[in-house]
Amino acid sequence: MGPLEMAKKAGCCRWMCYVTSFHVIAKCFNLTERRVHVSVVFGILLMCSTGLAILWGLADLAHNDQLASSQPIDETPLAILLSPAFPNLRWTGWESETARGLPNPLKPVVLTHAGDGAKRVFVATQEGIIHVFSNDPETRMTRVFLDISSRVRCGANAVEEGLLGLAFHPHHKTNGYFFVFYTTKHSAHKHTNVLSKFRVFESDAFCADPSSEEELLRIERPFPNHNGGTICFGPDGYLYVATGDGGGDGDPYGNAQDLGTLFGKILRIDINRKSSAKGYAIPDDNPFVQRIGARPETWAYGLRNVWRMAFDRHTNTLWAADVGQDRYEEINIIVRGGNYGWNLREGCHPFSNGSLEPEELIDPLWEYSHDVGRCIIGGGVYRGKRLPELSGAYLYGDYVTGRICALYYDKERQRVVANRPIKTLAFPLLSFGEDDQGEWYCLTKSATGKAIWQFEPMGEKSAHCYGACGAAVKPINEGFATRSVD
Ligand SMILES: [Ca+2]
């Protein structure tokens, strides 16, 4: 029942009650004709007032709707801050300087878990080393789980390349498999990404066998930037892969809108089966399997450079942050077959001479302009226990400003209701990660090795440890060029 029907029904019921009551009263008390006429006049007056009540009700409802649509977004800072998650942790094999005395910052880009209940944390660095350690704040030393740095291309002139993705097989506990997405040195083509499967040693579940690599997918890229690189398993058991648009400014080849390429997509593949020509199979219900000329791996498209996507472990919704180019950074909920607009649109705004109508494209549920930040770092939906006020919020940040926020999305009303900043040190944020308990961390480039940060309630000590509130945007001065990652 709509608002109009509700108001009418309420008003009419009231009027019928009044008139009926007067007739009953007149009959019961055997009133004279004159008195009944007076009653009728009085009834008419009541009817008019009931009509006014209907109009009043409608006006009230309209006012409420107006309030709902113009309700401001809550942007008050959260009483939460970041603190070192494993303050005593040392990274096996890592030194803060190279042998030649040059700075050698730690660059962790993935934090995840094996889903096996063993309470281990895995952290992958961009240069190609995966560390593992116990999920205990007192942990003192990592162990090298896998070192493929000799295979990973991660140069100073290609800062977006390297080891970019890591995901454990849903049945890792029994089969020992995990998957890695990286830029390889072993290719005649300079910029080549591979998706590979590895497994742990049968004799040691805490150590991966470097010789177990099985390459599943190889993508040769025209440019070194926009590699995407996030890989994660969905609740359906399929592997989702973000590819990036192939690089260059403005997606010069129109890859993201071209269903015939793997660029600018989120792929969905079945790594438990193999088709005749591929290291994986295509799920039958992928959206473009029947379309001639389309790559059947495609799950969603029109994406520029998704830097981190993650499934909400409660709702199974896939959230993806897409890095913008000139003006806007955006957050999307990914649906089957969705076209997210790039390079016809940037955020909710036209880009280049796009020909598709906006209604054919899915706008982000949230965007921010380059006045606020320049390069979004996606996190995920918080479902941990330590911070109830974050429950259901999507955590994300910005590489250039270091700003971190919790975005609260009302699924029923399909609107963002809050975007609340979290106090930070404005450090060079690289990524986010979730442990097996559903707690989220953020990862930063670090000269000291202090690179994993946890969210914690703001206590008294925070006032002494940290300066201005994280709501204030401060630039980073660790030598990061504004566009070094885009
Ligand atoms: Ca978009």
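Which residue in S20 is the bridge partner of Ile-331? It is Trp-366, and we will come back to that pair once the overall picture is in place.

Please keep in mind that this is a predicted model, in which local features need pLDDT of at least 70, side-chain atom pairs count only at pLDDT 80 or more, and totals for chains, interfaces and linings use all residues. Residues are numbered from 1 along each chain as its sequence is written.

## Overall picture

The chain has four helices and 27 strands. Helices (H or I, at least four residues) and strands (E, at least two) are DSSP runs, numbered from the N terminus. Of its 486 residues, 41% count as buried. Here a residue is buried if 20 or more other C-beta atoms lie within 10 Å of its own, exposed if 12 or fewer, and partly exposed in between, with C-beta atoms placed from the backbone.

Contacts (C-beta atoms, placed from the backbone, within 7 Å) give a view of the fold as well. Among those between residues at least 6 apart in sequence, 58% join residues at least 24 apart.

## The nonpolar core

In soluble globular proteins, nonpolar side chains tend to be buried together. A nonpolar core here is a set of buried Ala, Val, Leu, Ile, Met, Phe, Trp, Tyr and Cys residues joined through C-beta atoms within 7 Å. The largest one holds 108 residues, and Tyr-240, Val-241 and Ile-266 touch the most other members. Strand S7 (residues 177-183) gives the most to this core, with six residues.

Ile-266 is a good place to start exploring. Not counting residues up to four places away in sequence, Ile-266 touches Tyr-240, Val-241, Ala-242, Trp-299, Ala-300, Leu-303, Val-306, Ala-320 and Ile-334.

## Two open sheets

Strands pair if DSSP finds at least two bridges between them. One open sheet has four strands in the order S15-S16-S17-S20, with antiparallel pairing. Strand S15 (306-311) and strand S20 (366-369) are at its edges, each with a single partner strand, so one side of each lacks a neighbour in the sheet. Direction ignored, neighbouring strands of this sheet are turned by 15 degrees against each other on average; axes are lines fitted to C-alpha atoms, for helices over the stretch in contact, and angles run from 0 to 180 degrees between N-to-C directions. The opening pair, Ile-331 and Trp-366, belongs here: S20 is joined by four bridges to strand S17 (residues 328-334), and the two run antiparallel.

Another open sheet of four strands follows the order S21-S22-S23-S24, again with antiparallel pairing. Its edges are strand S21 (376-381) and S24, each with a single partner strand, so one side of each is left without a neighbour in the sheet. The twist averages 25 degrees from one strand to the next.

Within that sheet, S21 is joined to strand S22 (residues 394-398) by four bridges, and Gly-378 stands opposite Tyr-396 in S22. Seven bridges join strand S23 (residues 404-410) to strand S24 (residues 415-422), where Tyr-408 has Ala-418 as its bridge partner in S24. The hairpin of S23 and S24 has four residues between the strands.

## Leu-429 and its surroundings

Leu-429 is in strand S25 (residues 429-434). This residue counts as buried because 27 C-beta neighbours lie inside 10 Å. Beyond its neighbours within four places in sequence, Leu-429 is in contact with Ile-377, Gly-397, Asp-398, Tyr-399, Gly-402, Cys-442 and Thr-444. Its C-alpha lies 7.4 Å from that of Gly-397, although the two are 32 residues apart in sequence.

## Loops and backbone angles

Three loop residues can be set side by side by their C-beta neighbours inside 10 Å:

| Residue | Loop between | C-beta neighbours within 10 Å | Class |
|---|---|---|---|
| Lys-119 | S2 (108-112) and S3 (120-125) | 13 | partly exposed |
| Ala-158 | S5 (143-147) and S6 (163-168) | 17 | partly exposed |
| Gln-414 | S23 and S24 | 9 | exposed |

Most residues other than glycine have a negative phi, and most peptide bonds are trans. Lys-119, not a glycine, has a positive phi near 55 degrees. Gln-414 has a positive phi of about 55 degrees, and it is not a glycine either. A cis peptide bond, with omega about 5 degrees, joins Trp-342 and Asn-343; Asn-343 is in the loop between S17 and strand S18 (345-346).

Finally, Ala-158 and His-191 are 33 residues apart in sequence, with 9.3 Å between their C-alpha atoms.

Terms used:
Two residues are in contact if their C-beta atoms, placed from the backbone, lie within 7 Å.
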